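Student: Before we go through this model feature by feature, could you show me the sequence and the coordinates together?

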Amino acid sequence: MSNRQNAKKSTGPKSHNGKLRASRNALAHGLSIPISYSRGLSSQRTDLAKALSDGTISDPQHAHDFASALIGLSRAREAEARLLRETFKDRWLINGAEDLSHTLKMLKAIKRYRLEARAQLRRIFKTNKMG
């Protein structure tokens, strides 16, 4: 089957609710939003980078990159914790397989950001001879 034929079959959600849910996918956890778009996160990164460059990391760019990775890792962990709290909030058991399926999909999406932040930290450790 050619790519065009396959693409015609994969047209996305058909129902109004499905389209509405799909339109919010990028906003589900907010991790795709760059740190520079948030004044709070940007300020936090600047403060952390300054603290790191004052003692731990000599190169200001490495300190900036390291701070970005630490904040990215923190954001991913917070998103995972928030998702799990919301999923199991005030319940001993989850409300059906659909909730669990959604939670697992979201955890998988968040994991990608957490792994990227960890890989970025490892690269900085190697480059800066920290590890």
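Student: In what order do the elements of the chain run from the N terminus on?

Tutor: A reading starts with the succession of elements, and this model is a predicted one. From the N terminus on, the order is α-α-α-α-α, so that the secondary structure, taken as DSSP runs, comes to five helices and zero strands.

Student: How much of the chain is buried, and what does the chain expose?

Tutor: Burial is read from relative accessible area, with under 20% as the cut-off for buried. Of the 131 residues in the chain, 25% are buried. The chain exposes about 9800 Å², and carbon and sulfur atoms supply 54% of that area. As for contacts between residues at least 6 apart in sequence, 60% join residues at least 24 apart.

Student: How should I judge the length of a helix, for instance α3?

Tutor: One compares the distance between the end C-alpha atoms with the span expected at 1.5 Å a residue. For α3, which covers residues 39-53, the 15 residues should span 21 Å, and the end C-alpha atoms are 21 Å apart, which agrees. The 29 residues of α4 reach 42 Å from the first C-alpha to the last, close to the 42 Å expected. At the start of α4, a side-chain oxygen of aspartate 59 comes to within 3.2 Å of the backbone nitrogen of glutamine 61.

Student: Which residues of α3 are buried, and where do they lie around the axis?

Tutor: The approach is to list the buried residues and then ask what arc they cover around the helix axis. In α3, the buried residues are Leu41, Arg45, Ala49 and Leu52. Because they cover an arc of only 70 degrees around the axis, they are on the same side of α3. These buried residues pack against α4, whereas the face turned away from the buried side carries the exposed residues Arg39, Asp47 and Lys50. Threonine 46, also found in α3, counts as partly exposed because its relative accessibility is 49%. The C-alpha atoms of threonine 46 and alanine 63, 17 residues apart along the chain, are separated by 9.3 Å.

Student: Which residues make up the largest nonpolar core, and which helices supply them?

Tutor: In soluble globular proteins, nonpolar side chains tend to be buried together. Here the largest nonpolar core has eleven residues: Ala49, Leu52, Ile57, Ala63, Phe66, Ala67, Ala69, Leu73, Ala117, Leu121 and Ile124. Each of α3, α4 and α5 (96-128) supplies at least two residues of this core, and the largest share, five residues, comes from α4. A second, separate core has six residues, including Leu31, Ala76, Leu83 and Ile110. Returning to the largest core, one of its members is alanine 117; leaving aside neighbours within four places in sequence, alanine 117 is in contact with Ala69, Gly72 and Leu73.

Student: Is glutamate 80 buried or exposed, and what does it touch?

Tutor: For a single residue, one can combine its element, its accessibility and its contacts. Glutamate 80 is found in α4, which covers residues 60-88, and it counts as buried because its relative accessible area is 15%, with the cut-off at under 20%. Not counting residues up to four places away in sequence, glutamate 80 touches Leu107, Ile110, Lys111 and Arg114. A polar contact of 2.9 Å joins the side chains of glutamate 80 and arginine 114.

Student: Where does arginine 114 lie, and is it buried or exposed?

Tutor: Having read one partner of a polar contact, one reads the other in the same way. Arginine 114 lies in helix α5 and counts as buried, because its relative accessibility is 18%. With residues up to four places away in sequence left out, arginine 114 touches Leu73, Ala76, Arg77 and Glu80.

Student: How far apart are C-alpha atoms of α5 residues from those of residues earlier in the chain, such as methionine 106 from leucine 83?

Tutor: A C-alpha separation can be set beside the separation along the chain. Methionine 106 has its place in α5 and counts as buried because its relative accessibility is 12%. The C-alpha atoms of methionine 106 and leucine 83, 23 residues apart along the chain, are separated by 8.0 Å. Alanine 109 also lies in α5, and is partly exposed, with a relative accessible area of 23%. Between the C-alpha atoms of alanine 109 and glutamate 80, 29 residues apart along the chain, the separation is 9.8 Å.

Definitions and conventions. Residues numbered from 1 in each chain as written. Predicted model: local features only at pLDDT ≥ 70, side-chain atom pairs only at ≥ 80, totals over all residues. Heavy atoms only, no water. Helix = DSSP H or I, 4+ residues; strand = E, 2+ residues; numbered from the N terminus. Buried < 20%, exposed > 50% of the residue type's maximum accessible area, 1.4 Å probe, protein only. Polar contact = N/O pair within 3.5 Å; in protein donor to acceptor, adjacent residues only side chain to side chain. Contact = heavy atoms within 4.5 Å. Core = buried A, V, L, I, M, F, W, Y, C linked by side-chain atoms within 4.5 Å. Areas by Shrake-Rupley, 256 points an atom, 1.4 Å probe, with all protein chains shown as cover. Expected span 1.5 Å × (residues − 1). Arc of directions from axis to C-beta.
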